[in-house]
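Let's take a walk through this model, starting with what sits inside and ending with how the sheets are put together. Keep the viewer open as you read.

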Amino acid sequence: MIRKTIASITALSLVLYPSTLSFAETDNEGSFSDKHEVVYTTLDALGEQQGLYVVNEFNVTETGAITDYGQYESLENLTTTGEISTNNGELTLPANEDPFYYRGDLADRQLPWTFDVTYKLDGNKVAPSDIVGQSGDVSITVDMSHREGANETFTDNFMVQVSATLNSDVFSQVEAPGGTVASAGQDQQVSFTVMPGDEDTLTLEASAESFEFDGFQISALPASMSVDQPNTSEMTDNMEQLSNGVADLHDGIAELNNGLGELNNGAVDLRNGSSSYLQGVRDLDNGSGELVGGSESIQAGIDEMHQQLASSDSSSGNLGEMASGLNEIAAGLEEAATGLDDLRSNYENAYGALDDAIKRIPDSQLSEEELQGLYQSGADQDVVDTLVSTYEAAQATKQTYNQVGDAFSAVTPALNETSGQLSEMANQLQTMAENVSSADPASGLTELENGLADLSSQYSEFHAGLVDYTNGVGELANSYSSVHSGVDDLQSGIASTYAGSNDLRDGSRELRDETSDLPEEMQNEIDSMMSDFEYDDFDLESFVSERNNEDIESVQFTIQTDSIEIEEPEDTTDEQDENESIWDRFLNLFR
């Protein structure tokens, strides 16, 4: 109780008897190391500027009177009770303490930026007074731009941060495209950042219940943040390995393309050779009927001559006719032998082309691991599938050819043997004809008959072999048609694969060219991205007066937009008794 009484008396004495301590301005000249300006302003709910004042801070190195500059409408010492004097924008400040603060009002000074705020409710633009207390889908947009004629020191070098605290009882499903939304206790904090030199439109979207809004808090300060350059050596090394790998891949694909080109040329030769061989076999088969028919005629002629000789008389006239007939048969056999020689020559040419084309198919075999490696190389899967199927078809064709190669190679010797037999029989007939022409009819008839009997027997065997041979040629012609069809499909598949490999080669070349400078391009891109966060040092200027520029150390802006609130009911509490005296009101402070 005693302490309360003493406190009351002390307080009363301070009221009734002001202190006689003097806070007079000092006559000493002071000094300071640097000055800081914090610019405060408020905006209405639509972003219109309502007022502006600056709190100035000085780091005093020697107490006393210091000088500052500014055309203020009003001044307030925030540190001491000393009076601030002003003379045409030059201020004398009683800086008797460190730090020293004072406030100056600049009602007509405009911010370097404008902030136009608009509100929408369920997609319709509304005034702040019309949205308060409403519910629905809300969007609030801040269109931030540089004020025309503003000092570029601030617009080009200051970063602007716009934030808002949203009551979770009012707002839900909050979204902020280009910004961040974070929980702040039971509320949600929405933040946007506009980099120096930029202008932007910031939008906040939410579902509101009985709309109220505390307004935006906006700050602007120099973008002097330091961002360390990341160590990208490992990344660029990996990119270089990737670039080298792509180059190696292209080299491999180029080699594959060259190999497929050679394979395609071989396949074309194979198809042409196979086509020639097929045509030769068909020609041989087509001539087989005529050949067999001619042979049958010769066989019949020999048999008829033998029968006539056995039943005829031995006159010289008959022997002359017989000699003439033998010469005709001999000439027919020679003609047949010549035809077989031509056929053999054509067959050898066709077979040689086919054999050379087949031999062009590589003997090398790809292992299963190599085929899997081709699938995993990154090449187009359709191209790889075609390539593998073509490779398998080529190997199958060569294997089949090797298996039936003996049959192909036996044709020429068979034709040679047949042609030789025909020539030999023709010679025998010519010899017989000569002997018949010069022989004694009585003594030579028996010898001629025996010779014709032997010739008829030999020719019967020859004719039977010829029939078997022509039947084999017919089967060969029929079966080889399917072989040639496979060869034709093989060539088409290889041609398609080769065309696909050309596209693959061109694509890998383009990929190689695009990635050859990948490490350097990536480093340049990183440097470019980092440059967005690197701001050159600039000469800071005072917001208040350029005469302060030499001393200014920092400037920052703190801006607040008006809140939009539901009006509270009027307080019906009894008003204070107007009859209370000043003494009664003072005593009430301690009751």
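A residue counts as buried here when its relative accessible area is under 20%. Keep in mind that this is a predicted model.

With that cut-off in hand, take a pair of tyrosines: Tyr-72 is buried, and Tyr-102 is buried too. How are their rings arranged? A pair of aromatic rings is described by the distance of the centres and the angle of the planes. For Tyr-72 and Tyr-102 the centres are 5.9 Å apart and the planes stand at 85°, and since an angle over 60 degrees counts as edge-to-face, that is what this pair is. Tyr-72 sits in the loop between strand 3 (64–69) and strand 4 (74–77), while Tyr-102 belongs to strand 7 (residues 100–105), so the two rings tie together parts that are 30 residues apart in sequence.

Now move on to a phenylalanine pair. Phe-543 and Phe-557 have ring centres 5.3 Å apart and planes at 85°, so this pair is edge-to-face as well. It links distant parts of the chain, 14 residues apart: Phe-543 is in the loop between helix 9 (518–531) and strand 17 (552–561), and Phe-557 is in strand 17. Phe-543 has a relative accessible area of 8%, which puts it under the 20% limit, so it is buried. Phe-557 is at 0%, so it is buried too.

These two rings have company. Ring pairs join Phe-543 and Phe-557 with Trp-113, Phe-154, Phe-158 and Phe-538 into a cluster. The structure holds 14 aromatic pairs. Some rings also have a charged neighbour: Arg-109 lies over the face of Phe-543, at 5.2 Å from the ring centre. Elsewhere, Arg-103 lies over the face of Tyr-53, at 3.6 Å from the ring centre.

Phe-557 turns up again when you look at the nonpolar packing. The largest nonpolar core has 58 residues, and Phe-557 is among those with the most contacts inside it, along with Phe-115 and Phe-216. What does Phe-216 touch, leaving out residues up to four places away in sequence? Its contacts include Val-117, Ile-140, Val-142, Val-162 and Leu-204, and also Ile-559, Gln-560 and Thr-561. Apart from this core lies another one, of 35 residues, with Ala-337, Ala-426, Phe-462 and Tyr-480 among them.

On to the sheets. Strand 3, which you met next to the Tyr-72 loop, belongs to an open sheet of 3 strands in the order 3-6-5, with antiparallel pairing. Strand 3 and strand 5 (85–87) are its edges, each pairing on one side only. From one strand to the next, the twist averages 25°. Strand 5 is joined to strand 6 (residues 90–95) by 3 bridges, and the two run antiparallel. For one of the bridge partners, look at Ser-85, matched with Thr-92 in strand 6.

Another open sheet has 5 strands in the order 9-8-10-15-12, and its pairing is antiparallel. Here the edges are strand 9 (124–126) and strand 12 (171–175), each of which pairs on one side only. Ignoring direction, neighbouring strands of this sheet are turned by 30° against each other on average. At the strand 12 edge, 3 bridges pair it with strand 15 (residues 200–208) in the antiparallel sense. Which residue in strand 15 is the bridge partner of Phe-171? Ala-208 takes that place.

Notes:
Residues numbered from 1 in each chain as written. Predicted model: local features only at pLDDT ≥ 70, side-chain atom pairs only at ≥ 80, totals over all residues. Heavy atoms only, no water. Core = buried A, V, L, I, M, F, W, Y, C linked by side-chain atoms within 4.5 Å. Buried < 20%, exposed > 50% of the residue type's maximum accessible area, 1.4 Å probe, protein only. Contact = heavy atoms within 4.5 Å. Phe/Tyr/Trp six-rings, centres within 6.5 Å; stacked < 30°, edge-to-face > 60°. Helix = DSSP H or I, 4+ residues; strand = E, 2+ residues; numbered from the N terminus. Lys NZ or Arg CZ within 6 Å of the ring centre and 35° of its normal. Pairing = 2+ DSSP bridges. Axes fitted to C-alpha atoms, helices over the stretch in contact; angles between N-to-C directions.
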